[in-house]
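Please open the model in a viewer and keep the selection tool at hand. The stops below proceed one selection at a time.

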Amino acid sequence: GEGVDEDHWGVDEDAQSVAGFIREWLTRHKRWASPKYILGESYGGIRGPLLVRELQSGFNAVALNGLILISPALTMERVDGQDNDAAYATALPTYAATAWYHKALPDRPAKLEPFLEEVRQFAQAEYIPALFAGRDLPAEQRARVLDKLHRYTGLSKQYLDRAHLKVSTNRFRRELLRDRGLVVGRLDTRYTGSEFDEVGEVPSGDPFGSGVAGAYVAAFHHYLQTELGASLPRPYQVMSGDAGSEWKRPEDLDSAFSGYLDVTPAIARGMMDNPGLRLFVGNGYYDIATT
């Protein structure tokens, strides 16, 4: 219509415009009495909960039956993962799964599931308290944590010691298979790639992204042109740097001291307002972006 891109480039603006579209679609197609589910993947993990907020708020609510989130980016502080104790802890099972897959563990167990449960228990009961203690962690306890981190991640004790028990996702991706001259992917760590040299601290790209981008874009264009019979007069953008740089923050976080976006309260509010709202969250073992 008469709107421009910038009218929709914002946390609140995006959720409001999509919620408006959903309401109009329900009316035009006479589907108000039908079950209603929202599915969001990756950044859709932000849009999904915000749509719950927009659709279910007030007396003119659209009551939802379910919210389905696949590898959702719910709390951006965890996705960013830089110098954040919670991010280090939640990434640990993914590190373990990745090292298990690439046969990079010093004592690789036969089965993944029991191994990951052991890692999760360690992260909760020992790793988080150790990170919280910082330099006050007793030497004997620190040595035990180092031993287990080495066993769970495949990284050397010397590297883990120099990192003060904290390894960011980007550093892990570069360090795990350094002796093989490989880096692992971000969205799927089963993918591997090479770099210009083998001394860098972090990867220069994502082997998964470069591995699937061509097939992904081709499949989408084929779907548009053959199954939907649609024609786009402009290039399809998988990611827009222009939108990313101009995206407006939500109104309640637009202040000098506001931090990362976190939409988990919107899910909690939606489930309190609508006890019948069902929630499903699915994450991949080898997704190191949304752990």
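Select Arg 278 first and display its surroundings in this predicted model. Beyond its neighbours within four places in sequence, Arg 278 is in contact with Asn 65, Gly 66 and Leu 67. A C-alpha to C-alpha distance drawn from Arg 278 to Leu 67 reads 6.3 Å, although 211 residues separate the two in sequence. Arg 278 belongs to strand β5, which covers residues 278-282. Is Arg 278 buried or exposed? Its relative accessibility is 62%, and because the threshold for exposed is over 50%, Arg 278 counts as exposed.

**The whole chain**

Zoom out and show the chain as a cartoon. It has 11 helices and 5 strands. The C-alpha trace spans about 65 × 40 × 40 Å along its principal axes. Of the 291 residues in the chain, 38% are buried. Among contacts with a separation of 6 or more, 65% are made by residues 24 or more positions apart.

**Val 52 and helix α2**

Select Val 52 next, in helix α2; this helix runs over residues 44-56. With 1% relative accessibility, Val 52 counts as buried. Show everything in contact with Val 52, leaving aside neighbours within four places in sequence: the set consists of Ile 38, Ser 57, Leu 64, Leu 67, Ala 266, Gly 270 and Leu 277. Leu 67 was also a contact of Arg 278 at the opening stop. Ala 266 lies 214 residues from Val 52 in sequence, yet the two C-alpha atoms are 7.2 Å apart.

**Val 263**

Move to Val 263, located in the loop between α10 (241-246) and α11 (264-273). Is this loop residue buried or exposed? Val 263 is buried, because its relative accessibility is 2%, against a cut-off of under 20%. Outside the four nearest places in sequence, Val 263 touches Gly 45, Ile 46, Pro 49, Leu 50 and Leu 74. For Leu 50, the separation from Val 263 is 213 residues in sequence and 7.0 Å in space, C-alpha to C-alpha.

**Ser 42**

Select Ser 42, in the loop between β1 (37-41) and α2. What is the sign of its phi? The angle is positive, about 60°, although Ser 42 is not a glycine. Most residues other than glycine have a negative phi. Ser 42 has a relative accessible area of 24% and is partly exposed.

**Two nonpolar cores**

Colour the buried nonpolar residues. In soluble globular proteins, nonpolar side chains tend to be buried together. The largest nonpolar core holds 37 residues, and the members that touch the most others are Leu 92, Phe 115, Tyr 127, Leu 149, Leu 165 and Leu 176. Two or more residues of this core come from each of α4 (85-101), α5 (112-133), α6 (139-153) and α7 (157-162). A second core, separate from this one, has 23 residues, including Leu 67, Leu 253, Val 263 and Leu 277. Within that list, Leu 67 and Leu 277 are contacts of Val 52.

Return to the largest core and select Leu 165, one of the residues that touch the most other members. Which residues does Leu 165 touch, not counting those up to four places away in sequence? They are Tyr 127, Leu 131, Leu 137, Arg 142, Val 145, Leu 146, Leu 149 and Leu 160.

**The second largest pocket**

Leu 165 also leads to the second largest pocket, where Arg 142, Ala 163, His 164, Leu 165 and Lys 166 lie nearest the centre. This pocket has 17 lining residues and contains about 340 Å³ of space. By class, its lining comprises 8 nonpolar, 4 polar and 5 charged residues.

Pick out His 164 from this lining; it sits in the loop between α7 and α8. His 164 has a positive phi, near 55°, and is a residue other than glycine. At 45% relative accessibility, His 164 counts as partly exposed.

**Glu 175**

Finish at Glu 175, in helix α8 (residues 169-175). Show the side chains of Glu 175 and Arg 178: a polar contact of 2.8 Å joins them. Apart from residues up to four places away in sequence, Glu 175 touches Leu 155 and Tyr 159.

Methods:
Residues numbered from 1 in each chain as written. Predicted model: local features only at pLDDT ≥ 70, side-chain atom pairs only at ≥ 80, totals over all residues. Heavy atoms only, no water. Helix = DSSP H or I, 4+ residues; strand = E, 2+ residues; numbered from the N terminus. Polar contact = N/O pair within 3.5 Å; in protein donor to acceptor, adjacent residues only side chain to side chain. Contact = heavy atoms within 4.5 Å. 1 Å grid on protein atoms, 1.4 Å probe; cavity = no way out; pocket = protein on both sides within 12 Å on 5 of 7 lines; lining within 4 Å. Points joined across faces, edges and corners; volume = space filled by probe spheres on them. Nonpolar A, V, L, I, M, F, W, Y, C, P; charged D, E, K, R; others polar. Buried < 20%, exposed > 50% of the residue type's maximum accessible area, 1.4 Å probe, protein only. Core = buried A, V, L, I, M, F, W, Y, C linked by side-chain atoms within 4.5 Å.
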